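Here are a few friendly notes to read with the model open beside you. They start with a covalent link and then move on to packing and a polar contact.

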Amino acid sequence: MAGGPIRWPKMPDLVWKTWRTAQKEVLDLGVVPDHHLRADTAYGNDLLPDEGEYGDWRVCVTDPAEGADVTLDTWVTLELTEPDNGCPQPDRGHDGRVDLPDRDDDGDPDYRDPFPGDRNRDSTFPNGLPDSSGSSGGGSSGGGHWNCPRTRWC
């Protein structure tokens, strides 16, 4: 007797779940091997932290989309964002990719950049942080005093 069509599991709704949770849900489908699951950034100019350090980043987009069949040969990509950034609006980007704000055009999104308004960063602060010589107007130890609110550097 011939059997019916195979009922493949469907891609779950993973939007705004953490990488850790979403990864488990995809692997729990039982058809996607771990090497067929990958993380990417939701924003064109962002970078993922080292593997294992983005477990709390949030899913913005899944490929395949929610509800699609997930088969043995499916490759799954989860586009992630650092939770404070939120997800991009899909209609804002060109070519489907949206960039995070980068006020000084140095290639670093503002939330990662200790000097988001410093257009002379490459010459003034080549490493992105003031040196300890005091040339940045700071104190005599520990690299001076500088203001970088809402960044991970302070």
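1. The link between Cys60 and Cys87 is left-handed, with -90 degrees about the S-S bond. Cys60 lies in strand S2 and Cys87 in the loop between S3 and H2, so the pair ties together parts that are 27 residues apart in sequence. Please keep in mind throughout that this is a predicted model.

2. Some more on that link. The sulfur atoms of Cys60 and Cys87 are 2.1 Å apart, and the two residues form a disulfide. The count of disulfides comes to one. As a reminder, a disulfide is a covalent bond between the sulfur atoms of two cysteines.

3. The two ends of the disulfide are worth viewing one by one. Cys60 has 10% relative accessibility and therefore counts as buried, the cut-off being under 20%. Cys87, with a relative accessible area of 27%, is partly exposed.

4. Next, helix H1, which spans residues 19-27: which of its residues are buried? They are Trp19, Ala22 and Val26. Seen down the axis of H1, these buried residues fall within an arc of 70 degrees, so they line one face of the helix. The general background is that an α-helix has 3.6 residues a turn, so residues three or four places apart point the same way.

5. What do the buried residues of H1 pack against? Their partners are strand S1 (37-41), strand S2 (58-63) and strand S3 (76-81). Strand S2 is also where Cys60 of the disulfide lies.

6. Trp19 deserves a second look for its ring. The count of aromatic pairs comes to one. The rings of Trp19 and Tyr54 have their centres 5.6 Å apart and their planes at 65 degrees, so the pair is edge-to-face, for which the planes must be over 60 degrees apart. Trp19 belongs to helix H1 and Tyr54 to the loop between S1 and S2, so the pair ties together parts that are 35 residues apart in sequence. Both Trp19 and Tyr54 are buried.

7. Last, a loop residue: is Asp110 buried or exposed? Asp110 counts as buried because its relative accessibility is 12%, and the limit is under 20%. Asp110 sits in the loop between S3 and helix H2 (121-124). A polar atom of the Asp110 side chain lies 3.0 Å from the backbone nitrogen of Arg103. Cys87 is likewise in the loop between S3 and H2.

Notes
Residues numbered from 1 in each chain as written. Predicted model: local features only at pLDDT ≥ 70, side-chain atom pairs only at ≥ 80, totals over all residues. Heavy atoms only, no water. Buried < 20%, exposed > 50% of the residue type's maximum accessible area, 1.4 Å probe, protein only. Helix = DSSP H or I, 4+ residues; strand = E, 2+ residues; numbered from the N terminus. Arc of directions from axis to C-beta. Contact = heavy atoms within 4.5 Å. Polar contact = N/O pair within 3.5 Å; in protein donor to acceptor, adjacent residues only side chain to side chain. Phe/Tyr/Trp six-rings, centres within 6.5 Å; stacked < 30°, edge-to-face > 60°. Disulfide = S-S within 2.5 Å.
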